[in-house]
Amino acid sequence: MPDAPLQSTGPLEGGPVIAVDRLSVTFPTTGGDGRVVRDVSLAIGRGERVGLVGESGSGKSLTARAIMRLVPRPGEVSGRVLLDGVELGVGATRDPTKWRGRSVAMITQDPLSSLNPLVRIGPQMTEMLRFHRGAGRAAARARATELLTAVGIPDPARTLNQFPAVLSGGMRQRVALAIAISCDPRLLIADEPTTALDVTIQAQVLSLLERTTAEHGTAVLLISHDLGVVSGFCERVIVMYAGRIVEAGPTEQLVSAPAHPYTRALLASVPPIQGELPERLPSIPGSPPLGGARIPGCAFAPRCPIARDVCREVEPELRAQARDGHEAACHAAGDPTWEIPELASTAEALP
Amino acid sequence: MSTAPMSSPLLETAAAEPTAVTDPHFVRVALRSLRRNKVAALSVFVILVLAIVAIFAPLLAPHDPLHTFPSGLSNQGAPMPPGGKFLLGTDESGRDVLSRLIFGARVSLLVGVIATGLASLIGVLVGTIAGYAGGIIESILMRITDVVMSFPLLLFCIALIAVTGPSTRNVVMVIAFGYWTYLARIVRSLVLSLKEREFVTAAKTLGVPDLTILRRHILPHLAPAIVVYTTLGIASSIMIEASLSYLGIGVPLPQASWGQMINSGQQYYQTAPWLLIAPGICLILTVLSFNLAGDWLTDLLDPSDEVTRR
């Protein structure tokens with residue numbers, strides 16, 4: 001882990017940039033209670049990089065959308081999101097155009113579809129500069145050129161006049177990043193920003209993301225299903241399962257000493273970079289519960305190798321663990337009476 | 001035939017982007033397609049000629065279309081056949097048919113274009129608002145659309161004219177008021193799918209206000225559909241205008257209009273068939289050309305394919 005100058009791990013200095021307080025997202029369903037995100041609370045400090053991991057359907061993207069207040073109808077959001085101590089969506093922040101893009105920005109998974117194919121790069125970049133900053137046509141264009149240079153696009157003046165279709169996937173994600181950081185947001189939510197890219201471009205985009213956000217002390221919430229990407233990039237990791245946070249903590253600790261069996265299983269299924277590849281990668285048996293299904297007890301219990309009766313009856317609370325800033329929602333965590341089977345590859349599996 | 005050993009699927013989809021009106025090479029693409037499609041080329045040519053004739057009618061018409069020539073009637077008071085001073089003959093009042101046709105083109109095109117333009121404006125506005133806003137606003141707007149749509153278009157126009165009285169302006173208004181519903185429905189359904197597209201969400205996450213999103217990210221995608229349906233709409237509007245004029249409640253006399261020329265000519269069809277044939281051919285050619293041009297534009301712009309692409 002490189003030590004960035006703005007790093008602030010664990011307890012937050014000077015109040016968090018963003019504080020999410022018991023955020024839930026509910027969709028009306030016939031079975032279950034339809035809560036696909038359950039009581040998610042998290043806080044991110046200035047310049048901090050936090051990863052949110054979980055498999056498909058774990059509610060990680062929906063959490064991001066709920067923070068942005070972009071949950072599609074008929075979804076309902078409860079809980080509070082505070083940006084620098086100001087609750088979003090209430091009073092002065094009722095109009096989302098006042099803070100979206102300006103204070104909180106987001107880049108999405110697919111750079112192909114997040115750029116309008118019929119609009120040239122220039123107008124797509126300048127529209128929010130002109131709106132948020134009141135910049136004139138020429139000033140906005142100059143800033144756009146500057147931003148494109150900053151994200152490493154070789155011929156910015158020419159690129160501004162091009163349509164997204166002419167650019168490669170990596171280039172487009174750079175443009176999307178340039179747009180997202182153009183107003184120096186306090187928080188940047190990156191929803192699987194590298195999934196659609198191949199591995200070399202992935203690394204480039206991530207280091208670019210790191211550099212550009214470090215410059216302005218922008219906090220980053222990186223959403224990914226790839227623990228490798230997250231552990232290389234983030235200071236803290238939050239693991240979600242079935243709409244709940246099951247474990248959270250500083251990256252190193254979470255990787256070296258995971259407290260939740262789900263995190264352990266996730267880590268075990270990452271292919272090792274060194275040494276022999278096993279015949280079959282370990283996988284987690286079974287599949288996660290369908291979104292919003294109501295299960296008594298721990299949602300992971302049916303797939304958990306160490307589950308006991310209590311797991312199927314009582315839902316474990318998210319409890320602080322022995323070390324600072326490490327939390328887990330598991331009955332077994334920190335309890336020496338539970339036998340925890342040794343897993344072959346954990347810490348050394350990750351870069 | 002990939003030259004690059006590791007071509008990513010993203011690069012391949014990039015090659016197949018929509019042909020749209022906003023494409024900078026659109027004119028070149030259109031001209032190339034016209035060179036291949038002779039029927040479309042002919043219909044576009046007819047439309048262009050018609051437009052020129054309509055615009056320069058006073059310069060092109062050999063006579064005053066309203067003047068009743070004493071020499072335009074035979075000794076028995078019958079219309080003069082084509083030839084000589086009157087290239088396409090005269091009508092029952094001794095007026096020059098060719099001049100009336102030329103000025104009639106003006107009326108037909110003017111009514112067609114303005115009525116359809118108005119209809120498109122209303123249709124796009126209603127469709128966009130309904131599709132983007134959703135909820136109760138959508139329900140109200142679309143139920144109004146359904147009500148207007150449930151009347152047969154021509155009967156609806158006749159009823160409205162009966163109330164407002166025949167005049168060129170009223171004909172335009174009535175056609176526009178009857179025709180906007182079609183585009184409203186199409187636009188609404190397009191907006192419904194467009195607003196779920198990723199770039200609209202992306203724009204929202206950047207705090208771009210709704211009006212800007214509509215103008216910059218939604219409208220350009222509607223352009224193909226609007227162009228196609230407006231072209232087809234002009235054909236329908238010209239037909240409705242002709243029908244109304246034929247029924248004597250369209251463009252009022254003595255102003256020349258093709259429908260009304262057909263109406264007054266039909267009683268002489270045995271002795272003076274040119275009174276019927278000349279405006280009839282004009283009408284058929286015009287409507288056919290607009291329809292064929294519309295079909296060609298549909299293929300060229302492929303609006304349905306553009307939206308269902310993803």
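**Close-up views of chains A and B**

**View 1. Strand E6 of chain A and its neighbour.** From E6(A), A:Val104 and A:Met106 point one way while A:Ala105 and A:Ile107 point the other way, and all are buried (buried means that 20 or more other C-beta atoms lie within 10 Å of the residue's own, exposed that 12 or fewer do, with partly exposed in between and C-beta atoms placed from the backbone). In a regular strand the side chains alternate between the two faces of the sheet. E6(A) is joined by four bridges to strand E7 (residues 187-191) of chain A, and the two run parallel; A:Ala105 has A:Leu188 as its bridge partner in E7(A). Strands pair if DSSP finds at least two bridges between them, and helices (H or I, at least four residues) and strands (E, at least two) are DSSP runs numbered from the N terminus.

The model is predicted, with local features requiring pLDDT of at least 70 and side-chain atom pairs counting only at pLDDT 80 or more, whereas totals for chains, interfaces and linings use all residues. Residues are numbered from 1 along each chain as its sequence is written, and chains are lettered from A and ligands numbered from 1 in the order in which they are written.

**View 2. The contact between chains A and B.** Chain A gives 31 residues to the contact and chain B gives 26 residues, two residues being in contact if their C-beta atoms, placed from the backbone, lie within 7 Å. On the side of chain A that touches chain B, strand E6 (104-107), helix H2 (111-114), helix H3 (121-133) and helix H6 (169-180) of chain A each supply at least two residues, and the largest share, five residues, comes from H3(A).

**View 3. Helix H3 of chain B.** For the 18 residues of helix H3 (residues 38-55) of chain B, a span of 26 Å is expected at 1.5 Å a residue, and the end C-alpha atoms are 26 Å apart, which agrees (the expected span is 1.5 Å times one less than the number of residues). The buried residues of H3(B) are B:Ala40, B:Ser43, B:Leu50, B:Val53 and B:Ala54; seen down the helix axis, the buried residues of H3(B) fall within an arc of 150°, so they line one face of the helix, the arc being that of the directions from the helix axis to the C-beta atoms. The exposed residues B:Lys38, B:Leu48 and B:Ile52 are carried on the face of H3(B) turned away from its buried side. The cover over the buried residues of H3(B) includes helix H2 (26-36), helix H4 (57-60), helix H5 (97-133) and helix H12 (274-301) of chain B.
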